[in-house]
Amino acid sequence: MRAKVLKIYEEIRSSYWFIPSVLAILAAVLSFVLVYVDTYLTPQFWGDTPFLFASQPDGARAVLGAIGGSMIGVAGTVFSVTMATVVFASGSYGPRLLTNFMNNRGNQFTLGVFTATFVYSVLVLRTVHSADEAAAAGAPAAPFVPNVAILVAIVLALCSIGVLIFFIHHVPANIHISNVIDGIGRALVGEIEERFPSPIGAPPPDPDTAAAAFWQVPAPFRAGSQSPPDEPGYGEVLADRSGYIQFIDETTLMSAARDHQLVIRMVVQAGSFIFPGTVLFDAWPAERLNDKACDAVRSALAIGARRTPADDLLFLIDELVEIGGRALSPGVNDPYTAVTCIDWMSAFMAGVAGREPPSPLRLDADGKLRVIGLPADFALYLEQSFGHLRQYAAGDPIAATHFLDVLGRIAKTCTRTEDLRVLRQMGAELLELSGETLTGASLARVREAGGRLAGVLEHPLHREPMPALHRRDAERVAPA
């Protein structure tokens with residue numbers, strides 16, 4: 001149930017109707033409150049101040065009509081511009097980036113302000129009446145003009161002009177490729193704190209507990225082992241519908257494993273596509289995996305029609321790879337956009353390299369093994385990011401050179417020999433691909449970058465030698 005709530009929340013966040021609807025409701029409530037206040041104020045209350053002078057019914061209708069009519073017109077224009085921006089960004093940067101633009105709070109708030117001002121003006125306009133209109137309706141023959149409400153309508157109109165100016169600046173800034181990549185990169189780097197360690201359950205707090213947790217792993221789940229004939233085997237929790245896994249609710253998953261006394265091994269992760277019959281989890285022992293337990297475990301998943309960045313870290317990486325790959329395509333040929341993507345991927349990989357990978361063994365509050373997660377280490381993220389962009393970068397000397405130089409920067413943050421090994425392999429694979437597509441000076445430049453990477457991998461403090469001074473410059477700065 002909690003996973004479905006998270007899914008609904010994410011859908012609301014990415015919708016264009018929620019914030020405008022909330023602001024419109026608040027505007028309606030505000031109009032009722034202020035009109036009610038106006039019923040207790042006489043025209044003499046406002047005095048002779050020009051800006052606060054009490055309006056007459058005709059003038060009040062003109063002001064409110066002008067505000068309401070202009071706001072709904074501008075709101076339609078804002079919506080059209082927003083849709084055009086979304087279409088442009090989706091076609092230029094990739095359809096997966098549509099989620100980023102739909103989630104943009106600036107666009108939603110702008111549309112909401114104009115809609116709310118229109119709703120407020122229309123509702124206040126309905127309350128304005130002259131003495132003749134009041135008499136015709138059977139009320140006391142006295143005009144009614146809600147001057148407080150009209151004053152607030154003018155203030156809202158002025159605020160709407162400010163929001164329009166903000167929107168004019170926000171739209172081109174929002175689709176600028178550097179800002180798009182910056183937003184994805186910062187979201188990706190910000191996820192490091194959440195994913196290391198994994199939030200499912202609790203990791204073993206010390207080596208002794210980790211060793212004890214390892215021996216709690218059922219024999220069928222140990223790598224390369226077979227279940228003994230006298231030991232119960234494991235069962236499988238199968239998917240009952242199709243779609244992408246958008247959320248995995250760790251609290252529900254841990255509770256289901258504890259309530260049914262199961263050890264669950266994850267087979268899929270957020271972002272995986274499933275269909276009926278797909279194995280979601282392995283569970284041990286099999287005799288405890290009844291229909292009720294399967295339903296409880298499946299309830300930890302929220303399934304949808306698309307991937308979302310909320311619980312899918314690899315989705316953010318794929319967005320950067322997609323932008324970089326499109327930039328390096330022959331039809332675009334924009335290596336510096338790819339360089340920006342590589343820079344942000346390097347910031348993420350440097351953050352991962354400086355942290356210990358989370359233990360896949362997750363314990364409940366009693367210290368018992370309940371969930372075995374999928375391993376997520378440096379090599380996985382390096383292949384998902386740099387490995388997927390490698391084939392595109394290899395054919396461009398600018399991107400390939402920067403690719404190798406960035407691997408050298410990441411190497412300086414690595415503390416494990418295995419991480420350096422996969423970096424060396426990644427560099428060798430890019431050099432091999434570049435040798436198949438580049439020639440001449442371009443290939444020589446890439447190989448020079450490969451030499452710099454090799455120097456860093458041999459010694460993390462490696463630096464390039466200082467360029468030789470021109471003889472004339474050397475004679476000028478030579479000591480006396």
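**Entry 1. Helix 13**

I began with Glu 322, which forms a salt bridge with Arg 326, their closest N and O atoms lying 3.7 Å apart. I note that the model is a predicted one. Both residues belong to helix 13, residues 313-327, and are four residues apart, so about one helical turn separates them. I then looked up the accessibility of each partner. Glu 322 has a relative accessibility of 13% and therefore counts as buried, the limit being under 20%. Arg 326, with a relative accessible area of 30%, is partly exposed.

**Entry 2. Helix 15 to helix 17**

I turned next to Arg 390, which forms a salt bridge with Glu 429. I recorded 2.5 Å between the closest N and O atoms of Arg 390 and Glu 429. This pair links distant parts of the chain, the two residues being 39 residues apart. Arg 390 sits in helix 15 (residues 378-393), and Glu 429 sits in helix 17 (residues 417-437). I asked whether Arg 390 is buried or exposed. At 14% relative accessibility, Arg 390 counts as buried. Glu 429 is partly exposed, its relative accessible area being 24%.

**Entry 3. A network of salt bridges**

I then searched for salt bridges that share partners, and found that they join Asp 240, Asp 295 and Arg 298 into one network. Within this network I examined Arg 298 and Asp 295, whose closest N and O atoms are 2.9 Å apart in their salt bridge. Why are Arg 298 and Asp 295 separated by about one helical turn? They are three residues apart in helix 12, which covers residues 291-298. For Asp 295 I noted 45% relative accessibility, which makes this residue partly exposed.

**Entry 4. Total of salt bridges**

I extended the search to the whole structure and obtained 13 salt bridges. Among them are the pairs Glu 322 with Arg 326, Arg 390 with Glu 429, and Arg 298 with Asp 295. As a general remark, side chains of opposite charge can pair when their charged atoms come close.

**Entry 5. Cysteines**

I finally asked how many disulfides the structure holds. The count is zero. For reference, a disulfide is a covalent bond between the sulfur atoms of two cysteines. I also looked up the accessibility of two cysteines. Cys 159 counts as partly exposed, with 42% relative accessibility. Cys 294 counts as buried, with a relative accessibility of 10%.

Notes:
Residues are numbered from 1 along each chain as its sequence is written. This is a predicted model: local features need pLDDT of at least 70, side-chain atom pairs count only at pLDDT 80 or more; totals for chains, interfaces and linings use all residues. Side-chain values use heavy atoms; hydrogens and water are left out. A disulfide is a pair of cysteine sulfur atoms within 2.5 Å. Buried means under 20% relative accessible area, exposed over 50%, partly exposed in between (1.4 Å probe, protein chains only). A salt bridge is a side-chain nitrogen of Lys or Arg within 4 Å of a carboxyl oxygen of Asp or Glu.
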